[in-house]
Amino acid sequence: NELTGMVTELSAEAKSAENLKNQLAETKAQLEKLNVNELYGLVKVNGEAKAYKIGELNKMPPVIANDFIGDTPIIVSWCPLCGTLTAYDRRVDENTLTFKVEGARKIPGTEIENLHFRDEQTNSVWAQGPGLAVEGTEKGTELKSYPVQLFNEDVIAKMGIQVWKP
């Protein structure tokens, strides 16, 4: 009787493990079909929103969106090295900065390779992932971050969201 109970319990665990294995395989197959360049990052600022297609930013060299959402100047960028899509307010001390690609570097104090950009106004260099100035007069300054939500084109179209064009 005790042996039968143990066999039944082990059989249930094996079946549960097999179900989990099948779910993981299905998730993996779906992720492999997903092309990140077809996704859109949705950024909302003060009740207004705009979408940024990763494929428009993920070029060689990378493209940076120096843009506005409503009256708010923002920068949206994709780092092909670490796979991050970020959005920041471009204002520092009441000045609106304009950014250009600086290239790939390690974030100081880490082993993380990340896209860096330089602003035209202060000539400071900024790490894309943390939105932090790593050299120049603004060194140590952090840009205000905005959350980015990922959606596919169908959802963006259904929501009627404006899409950024380079």
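How far is the sulfur of C79 from the closest cysteine sulfur? In this predicted model, the separation is 3.4 Å, and the partner is C82. A disulfide requires the two sulfur atoms to lie within 2.5 Å, so the C79 sulfur is too far away for a bond. The count of disulfides accordingly comes to zero. The two cysteines may also be described by their accessibility: C79 counts as buried, at 0% relative accessibility, whereas C82 is partly exposed, with a relative accessible area of 33%.

**Overall form**

The secondary structure of the protein comprises three helices and 13 strands. The radius of gyration is 22 Å, well over the 15 Å that the globule rule gives for 166 residues, so the protein is more spread out than a compact globule. Along the principal axes, the C-alpha atoms fill a box of roughly 80 × 40 × 30 Å. Of the 166 residues, 34% count as buried. The protein exposes about 10100 Å², of which carbon and sulfur atoms supply 51%. Among contacts with a separation of 6 or more, 42% are accounted for by residues 24 or more positions apart.

**Strand pairing**

An open sheet of four strands is arranged in the order β3-β4-β5-β12, with antiparallel pairing. Its edge strands are β3 and β12 (145–146), each of which pairs on one side only. Strands β3 and β4 are antiparallel and are joined by six bridges; D67 stands opposite I74 in β4. Elsewhere in the chain, β8 and β9 also run antiparallel and form a hairpin with six residues between the strands. The two antiparallel pairs are set out below.

| Strand pair | Bridges | Opposed residues |
|---|---|---|
| β3 and β4 | six bridges | D67 and I74 |
| β8 (residues 99–106) and β9 (residues 113–119) | seven bridges | K100 and R118 |

Within the hairpin of β8 and β9, G109 adopts a positive phi near 85°.

**Nonpolar cores**

In soluble globular proteins, nonpolar side chains tend to be buried together. Here, the largest nonpolar core holds 15 residues, of which V43, Y52, L57, I74 and V76 touch the most other members. Two or more residues of this core are given by each of β1 (40–45), α2 (54–57), β3 (64–69), β4 (72–79) and β5 (84–89). Strand β4 supplies the largest share, three residues. A second, separate core has 10 residues, including I64, F99, F117 and L143.

The surroundings of I74 can be followed in detail. Leaving aside neighbours within four places in sequence, I74 is in contact with V43, V45 and Y52, with the run A65, N66, D67, F68 and I69, and with Y88, D89, R90 and Y146.

**The environment of S124**

Is S124 buried or exposed? At 0% relative accessibility, S124 counts as buried. This serine is found in the loop between β9 and β10 (125–127). Apart from neighbours within four places in sequence, the residues in contact with S124 are F117, R118 and D119, together with E135, G136, T137 and E138. The C-alpha atoms of S124 and E138 are separated by 5.9 Å, although the two residues are 14 residues apart along the chain. Two of the residues in contact with S124 also appear above: F117 is a member of the second core, and R118 stands opposite K100.

How values were computed. Residues are numbered from 1 along each chain as its sequence is written. This is a predicted model: local features need pLDDT of at least 70, side-chain atom pairs count only at pLDDT 80 or more; totals for chains, interfaces and linings use all residues. Side-chain values use heavy atoms; hydrogens and water are left out. Buried means under 20% relative accessible area, exposed over 50%, partly exposed in between (1.4 Å probe, protein chains only). Two strands pair if DSSP finds at least two bridges between them. A nonpolar core is a set of buried Ala, Val, Leu, Ile, Met, Phe, Trp, Tyr and Cys residues joined through side-chain atoms within 4.5 Å. Contact means heavy atoms within 4.5 Å. The radius of gyration is taken over C-alpha atoms; the globule rule is 2.2 Å times the number of residues to the power 0.38. Accessible areas come from the Shrake-Rupley method with a 1.4 Å probe; for residues, only the protein chains shown count as cover.
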